[in-house]
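Q: Could you take me through this protein model one feature at a time, giving the general idea before the particular case?

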Amino acid sequence: MLALSACLEAEPAHVGLVSEAGGFVEPERRLASEGEESYCGAEVLRWRYDRASGALKIANSRLLLNCCGQRAMHVDRIDSIYEITERDEPDATNPRCDSVCAFDFAVAIPEVAPRKVYVRLLRDVVDAQGSAELIWQGEIDVRQSTGEVVLDGVAAPGEACSGPSQQPLTARQQLAAQ
């Protein structure tokens, strides 16, 4: 096992930003483009590459998670793979509640070479599953400057998501919406 870890090239993790419930107020922070469809229409992973600085910005918008708890995002680079982990966990002072809210996650990764890079997006909802779930993986060709992938094309119920001024969806409303 020691030989394997010695062969892997790893960089320190980059920490991302997580919105409050309702998502980022500024559409630019979630890398939204002009004429974007409704915020609540789909969960979308977007990227934008800045050739001058070499920074790759990645944003995942409209994740539906429990309104109560703590969320974090970090990126690890292992060899040529950028592994992004979105984490959601209960908090001792703010335990889980009976409502779902939309959140946005965003990160800027410095010094990315202008080529295709491989990305894995994991979501770790600590109290809902045994380990992090693979949400998406694939290549991003940063030479194209921008791009996006729809991760969940099902529109969020209006009660759970109405952009930055959203109202949480209660457990009873969730059942009625299904």
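The dialogue below goes from the overall fold to cores, charged pairs and backbone angles.

Q: What should I know about the model and its conventions, and what pattern does the protein follow along the sequence?

A: This is a predicted model, in which local features need pLDDT of at least 70 and side-chain atom pairs count only at pLDDT 80 or more, while totals for chains, interfaces and linings use all residues. Residues are numbered from 1 along each chain as its sequence is written, and side-chain values use heavy atoms, with hydrogens and water left out. Helices (H or I, at least four residues) and strands (E, at least two) are DSSP runs numbered from the N terminus. On that basis the protein has two helices and 11 strands, and their order is α-β-β-β-β-β-β-β-β-β-β-β-α.

Q: How many of the residues count as buried, and what supplies the exposed surface?

A: Buried means under 20% relative accessible area and exposed over 50%, with partly exposed in between (1.4 Å probe, protein chains only). Of the 178 residues, 40% count as buried. The protein exposes about 9700 Å², and carbon and sulfur atoms supply 52% of that area, as computed by the Shrake-Rupley method with a 1.4 Å probe, where for residues only the protein chains shown count as cover. As for contacts (heavy atoms within 4.5 Å), among those between residues at least 6 apart in sequence, 69% join residues at least 24 apart.

Q: Which residues touch the most other members of the largest nonpolar core?

A: In soluble globular proteins, nonpolar side chains tend to be buried together. A nonpolar core here is a set of buried Ala, Val, Leu, Ile, Met, Phe, Trp, Tyr and Cys residues joined through side-chain atoms within 4.5 Å. The largest one has 26 residues, of which Leu 56, Ile 58, Val 112 and Val 117 touch the most other members. Two or more residues each come from strands S3 (43–50), S4 (55–66), S5 (70–78), S6 (81–89), S7, S8 (116–125) and S9 (133–141), and S7 gives the largest share, five residues. Once neighbours within four places in sequence are set aside, Val 117 is in contact with Leu 56, Tyr 82, Val 112, Gly 138, Glu 139, Ile 140 and Val 142. A second, separate core of five residues includes Tyr 39, Cys 40, Ala 156 and Cys 161.

Q: How many salt bridges does the structure hold, and which parts does the pair of Glu 83 and Arg 120 tie together?

A: Side chains of opposite charge can pair when their charged atoms come close. The criterion is a side-chain nitrogen of Lys or Arg within 4 Å of a carboxyl oxygen of Asp or Glu, and the structure holds 13 such salt bridges. Glu 83 and Arg 120 meet in one of them at 3.3 Å, N to O; Glu 83 lies in strand S6 and Arg 120 in strand S8, so the pair ties together parts that are 37 residues apart in sequence. Arg 87 forms salt bridges both with Glu 89, at 3.1 Å between the closest N and O atoms, and with Asp 124, at 2.9 Å. Asp 124 counts as buried at 13% relative accessibility, whereas Arg 87 is partly exposed at 31%.

Q: Asp 104 is buried, so what surrounds its side chain, and how far away is the nearest side chain of opposite charge?

A: Lys and Arg count as positive and Asp and Glu as negative, while His and the chain ends are not counted. Asp 104, in strand S7 (residues 99–109), has no salt bridge, and the nearest side chain of opposite charge, Arg 30, is 4.2 Å away. Polar contacts are pairs of N or O atoms within 3.5 Å; within protein, one must be able to donate a hydrogen and the other to accept it, and residues adjacent in sequence count only if both atoms are side-chain atoms. The side chain of Asp 104 makes such a contact with the side chain of Tyr 39 (2.6 Å), and a polar atom of the Asp 104 side chain lies 2.7 Å from the backbone nitrogen of Phe 24.

Q: Which sign does phi have at Arg 62 and at Ser 145?

A: Most residues other than glycine have a negative phi. Arg 62 has a positive phi, near 70 degrees; the residue lies in strand S4 and is buried, with a relative accessible area of 1%. Ser 145 also has a positive phi, about 75 degrees, but its place is in the loop between S9 and strand S10 (146–152), and at 23% relative accessibility it counts as partly exposed.
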